[in-house]
Amino acid sequence: MVMGETTGQIKVIVARGKSLVVRDFKSSDPYVIVKLGNQTAKTKVISSCLNPVWNEEFSFSFSDPAEVLKLEVFDKDLFKADDKMGHAQLSLQPLVAAARLRQILGVTTNGNAAVTTITDEMTLRKVIPEDDNCLAADSTINCVNGEIVQNVWLRLCDVESGEIELTTKLIYLPPALPSK
Ligand SMILES: [Ca+2]
C-alpha cells in the first residue's frame with residue numbers, strides 16, 4: 001500500500017460485446033466509452049462486428065463510497081455523428097465491500113491460526129440480476145491470486161439488444177472512512 005494515498009484504484013477490462021445492434025447497413029463499428037466520475041476512457045473501434053473482442057484494460061481512481069461505473073457503446077461513422085448502441089452501469093460497491101471483508105478477515109487470520117478464512121482462490125460474493133442493476137447474468141466476485149476480481153455481463157439499455165462483458169479488479173483499497 002502507498003502511504004498517504006486517499007483514493008483507491010481499480011482496473012477495468014472491457015472484454016467483449018455480444019449481439020450488438022446493427023447501426024450501418026449490415027453491421028456496426030462498435031467502441032465503448034467507460035466513465036467513472038470525471039474520468040473517461042475509450043476502447044478502439046472494431047470494424048464491422050457485432051460480437052467484438054476488445055480485451056482492453058483501463059485504470060481509474062475512486063473513493064469510498066465509489067461512483068457508479070458507466071459504459072456507453074457507439075457505432076463509429078466517418079461522415080456523420082456516431083450512433084448510439086446502448087449504455088449500462090455497474091456499481092463498484094460489492095467489489096469494494098468484498099475487498100474490505102477480505103482485509104478484515106485477513107487481519108484476523110494473522111493473529112489466529114484456528115480461524116479458517118479466505119484462501120487465494122475462492123468466491124467471496126455473488127451479485128444477481130435485479131431491476132436496479134444492468135446484470136445479464138449472475139456475477140461473482142472472486143479472490144484470484146490475492147486479487148479481488150469481479151466478472152460481469154451487462155445488458156445494454158435503450159437499445160434492442162447487446163451485452164458487454166467486463167472484468168473489474170481492485171488494485172488499491174482506499175482507507176476506510178472514520179466511523180461517526
Ligand atoms: Ca459505422
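Two residues are taken to be in contact if their C-beta atoms, placed from the backbone, lie within 7 Å. By this criterion, among contacts in the protein chain between residues at least 6 apart in sequence, 57% join residues at least 24 apart.

The structure is a predicted model, in which local features need pLDDT of at least 70 and side-chain atom pairs count only at pLDDT 80 or more, while totals for chains, interfaces and linings use all residues. Residues are numbered from 1 along each chain as its sequence is written. The pLDDT, the predictor's confidence in each residue on a scale from 0 to 100, has a mean of 88 for the protein chain, and 87% of the residues reach 70 or more. Residues 108-115 have a pLDDT below 50, and this stretch has four contacts in the model beyond near neighbours in sequence.

Helices (H or I, at least four residues) and strands (E, at least two) were assigned as DSSP runs and numbered from the N terminus. The protein chain has one helix and 10 strands, in the order β-β-β-β-β-β-α-β-β-β-β from the N terminus on. Of its 180 residues, 28% are buried, meaning that 20 or more other C-beta atoms lie within 10 Å of the residue's own (exposed: 12 or fewer; partly exposed: in between; C-beta atoms placed from the backbone).

A friendly place to look closer is E163, in strand β10 (residues 163-172). E163 counts as buried because it has 21 C-beta neighbours inside 10 Å. Leaving aside neighbours within four places in sequence, E163 is in contact with G17, K18, S19, A136, W153, L154, R155 and L156. With S19, the C-alpha to C-alpha distance is 6.7 Å, although the two residues are 144 apart in sequence.
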